[in-house]
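Here is a short walk through one predicted model, meant to be read with the structure open beside the text. Have a look at it first.

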Amino acid sequence: MKVLIIGGGGVIGQKLARKLVDRGHLRGADIAHMTLADVVNPAPITAGFPVDVVRVDIADRASVDKLIAGRYDVIYLLAAIVSAHAEEDFDAGMNINLFGSYHVFEAVRALGTKPVIVFHPLSLFMAERCLTRLRITPFLIRKHPTERKRRLVNCC
Ligand SMILES: NC(=O)c1ccc[n+]([C@@H]2O[C@H](COP(=O)([O-])OP(=O)(O)OC[C@H]3O[C@@H](n4cnc5c(N)ncnc54)[C@H](O)[C@@H]3O)[C@@H](O)[C@H]2O)c1
């Protein structure tokens, strides 16, 4: 089982990576390899299996294609700029949270394989709730369609 964590240098990415290392297995299979990808160098993690650290900028489709070509069984997509930053910087929010996520889904789709993509579901939950209550913000407008797109590509 090959696992990729995009945004592996972030708060959740690092916690998730350590948790997976402790568990050693996922979806009934042993984890044989993990890659932490981020726009900055993620802190290295020691494990009983190889853990690579690679640079990627999800806003750049070529950079994403190169990463995804490694063919993973499970991809966690946690790379993003968080809400305050995305509200302040419209272009960065669009390029990373919307188009960046889209690049990952499209790169997976182009490969024709179907790794499981796990995409920060709490954000979706918040987005659904806020949209229902008509509290629409630029941050949520980018989160919501990316989750819809993930479901189309990934069916789960
Ligand atoms: N922290 C929370 O409590 C929380 C709660 C709900 C949802 N989320 C969502 O989970 C995701 C991760 O949150 P976090 O708290 O780990 O955030 P974080 O800011 O700690 O981590 C995000 C990571 O994404 C990386 N990144 C930013 N732009 C990138 C790019 N262009 N290419 C590649 N990597 C890039 C950053 O360098 C960072 O390491 C976000 O989408 C966030 O909205 C977080």
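How many of the five residues of strand 1 are buried? Four of them are, so to speak, under cover: strand 1 is mostly covered. Buried here calls for 20 or more other C-beta atoms within 10 Å of a residue's own, exposed for 12 or fewer, and partly exposed is what lies in between, with C-beta atoms placed from the backbone.

A word on the ground rules. Residues are numbered from 1 along each chain as its sequence is written. The model is predicted, and local features need pLDDT of at least 70, side-chain atom pairs count only at pLDDT 80 or more, and totals for chains, interfaces and linings use all residues.

**The chain as a whole**

The protein chain holds six helices and seven strands, in the order β-α-β-β-β-β-α-β-α-α-β-α-α from the N terminus on. Both kinds of element are DSSP runs numbered from the N terminus, with at least four residues of H or I for a helix and at least two of E for a strand. The chain has 156 residues, of which 35% count as buried. Among contacts with a separation of 6 or more, 65% come from residues 24 or more positions apart; a contact is a pair whose C-beta atoms, placed from the backbone, lie within 7 Å.

Confidence is uneven along the chain. The mean pLDDT (the predictor's confidence in each residue, from 0 to 100) is 83 for the protein chain, and 76% of the residues score at least 70. Among the elements, strand 4 has the highest mean, 97, and helix 5 (residues 121–132) the lowest, 50.

**The sheet**

Five strands make an open sheet with parallel pairing, in the order 5-4-1-6-7. Strand 5 (51–55) and strand 7 (116–119) are the edges: each has a single partner strand, so one side of each is left without a neighbour in the sheet. From one strand to the next the twist averages 15°; axes are lines fitted to C-alpha atoms, for helices over the stretch in contact, and angles run from 0 to 180 degrees between N-to-C directions.

Strands count as paired if DSSP finds at least two bridges between them. Strand 1 (residues 2–6) is joined to strand 4 (residues 33–38) by five bridges, and to strand 6 (residues 74–77) by four. Across the first of these pairings, Val3 stands opposite Met34 and Ile6 opposite Ala37. On the strand 6 side, Leu4 is set opposite Ile75.

**Helix 1**

Is the length of helix 1 what one would expect, or what does the ruler say? The 13 residues of helix 1 (residues 11–23), at 1.5 Å a residue, should span 18 Å, and the end C-alpha atoms are 19 Å apart, which agrees. That expected span is 1.5 Å times one less than the number of residues.Gly13, Ala17 and Leu20 are buried in helix 1. Seen down the axis, the buried residues of helix 1 fall within an arc of 70°, so they line one face of the helix; the arc is that of the directions from the helix axis to the C-beta atoms. These buried residues pack against strand 1, strand 2 (25–26) and strand 4. On the other side of helix 1, Val11, Lys15, Lys19, Asp22 and Arg23 are exposed. Right after helix 1 comes Gly24, with a positive phi near 80°.

**Three residues worth a click**

Here are the neighbour counts for two arginines and an alanine.

| Residue | Other C-beta atoms within 10 Å | State |
|---|---|---|
| Arg27 | 10 C-beta atoms | exposed |
| Arg71 | 11 C-beta atoms | exposed |
| Ala107 | 21 C-beta atoms | buried |

Arg27 sits in the loop between strand 2 and strand 3 (29–30), and has a positive phi of about 50° although it is not a glycine. Arg71 belongs to the loop between helix 2 (61–68) and strand 6; its phi is also positive, near 55°, in a residue other than glycine.

Ala107 is part of helix 4 (residues 90–111). Which residues does Ala107 touch, not counting those up to four places away in sequence? They are Val64, Asp65 and Ile68. Ala107 and Lys66 are 41 residues apart in sequence, with 9.1 Å between their C-alpha atoms.

Technical notes:
Contact = placed C-beta atoms within 7 Å.
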